[in-house]
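Me: I am new to this structure and would like to go through it in short questions. Please show it first.

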Amino acid sequence: SLRLLGDPAVLVIGDTIHLWGNEVFHGIIHYTAPLSDPFNFTKLETSVHMPGAVRAFAVLDQMTDGSTSGSVVLYYEQYELRTREQSSKLVWLESPLPSDTDCTDWSWSRPTTALEPELEWEMIGTKRVGNAFVYQDSSGGGEYHHLAGAALDCAADENDPLDHTHARDHT
């Protein structure tokens with residue numbers, strides 16, 4: 001059957017393409033495809049089982065030695081459905097990279113709120129923070145970006161964008 005898949009996030013891990021996207025009212029779904037056949041995706045699992053979970057952004061947190069150990073951190077925007085998509089927060093969960101060769105044994109943590117709208121400019125028009133984007137440069141420094149309310153963008157320099165203690169004093 002035909003499904004609508006939105007806001008995909010893609011990581012290449014080994015010889016497999018991993019794609020996370022939201023299906024309408026089904027949460028964040030995880031698909032995989034072989035790197036050698038990048039259009040042949042198979043549904044693997046539902047990573048986030050909450051309706052209103054959208055705009056996944058996946059970060060591969062690998063060991064510095066380049067080994068295949070590490071984890072995937074999955075950020076996403078969680079809408080509060082009872083407010084008709086007028087409020088949202090940023091949430092993250094994490095899974096160690098599976099040890100099985102088929103990469104099917106994902107063990108996701110419980111969702112943790114990373115950011116909720118609380119500042120005045122985050123509540124312009126709607127009470128939303130979303131569209132997470134973490135950029136890490138080659139020196140290990142980085143920036144964490146998100147959209148807030150009707151504002152276009154904000155950024156906070158982070159020494160470690162994966163430590164999940166995001167700054168609130170955006171300028």
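Some questions and answers on this predicted model follow.

Me: In what order do the four strands form the open sheet?
Reply: The pairing in this open sheet is antiparallel. Neighbouring strands are turned by 25 degrees against each other on average, direction ignored. The order of the four strands is β1-β2-β3-β4.

Me: Which strands stand at the edges of the sheet?
Reply: An edge strand here has a single partner strand, so one side of it is left without a neighbour in the sheet. The strands in that position are β1 (5–13) and β4 (42–48).

Me: Which residue in β2 is the bridge partner of A9?
Reply: β1 and β2 pair in the antiparallel sense, over seven bridges. The bridge partner of A9 in β2 is W20.

Me: Is N22 buried or exposed?
Reply: N22 lies in strand β2, which covers residues 16–23. Beyond its neighbours within four places in sequence, N22 is in contact with several residues, among them L4, G27 and V54. Buried means under 20% relative accessible area. The relative accessibility of N22 is 10%, so N22 counts as buried.

Me: What is the relative accessible area of V24?
Reply: V24 is found in the loop between β2 and β3 (27–34). V24 is partly exposed, at a relative accessible area of 47%.

Me: Which residues form a nonpolar patch on the surface with V24?
Reply: The patch has about 420 Å² of accessible area, counting its residues together. One of its residues, L4, is also in contact with N22. With V24, the patch is formed by L4, F25 and L81.

Key
Residues are numbered from 1 along each chain as its sequence is written. This is a predicted model: local features need pLDDT of at least 70, side-chain atom pairs count only at pLDDT 80 or more; totals for chains, interfaces and linings use all residues. Side-chain values use heavy atoms; hydrogens and water are left out. Helices (H or I, at least four residues) and strands (E, at least two) are DSSP runs, numbered from the N terminus. Buried means under 20% relative accessible area, exposed over 50%, partly exposed in between (1.4 Å probe, protein chains only). Contact means heavy atoms within 4.5 Å. Patches are made of residues with over 30% relative accessible area and no salt bridge: like charges are joined within 9 Å, nonpolar side chains (Val, Leu, Ile, Met, Phe, Trp, Tyr) within 5 Å. Accessible areas come from the Shrake-Rupley method with a 1.4 Å probe; for residues, only the protein chains shown count as cover. A salt bridge is a side-chain nitrogen of Lys or Arg within 4 Å of a carboxyl oxygen of Asp or Glu. Two strands pair if DSSP finds at least two bridges between them. Axes are lines fitted to C-alpha atoms, for helices over the stretch in contact, and angles run from 0 to 180 degrees between N-to-C directions.
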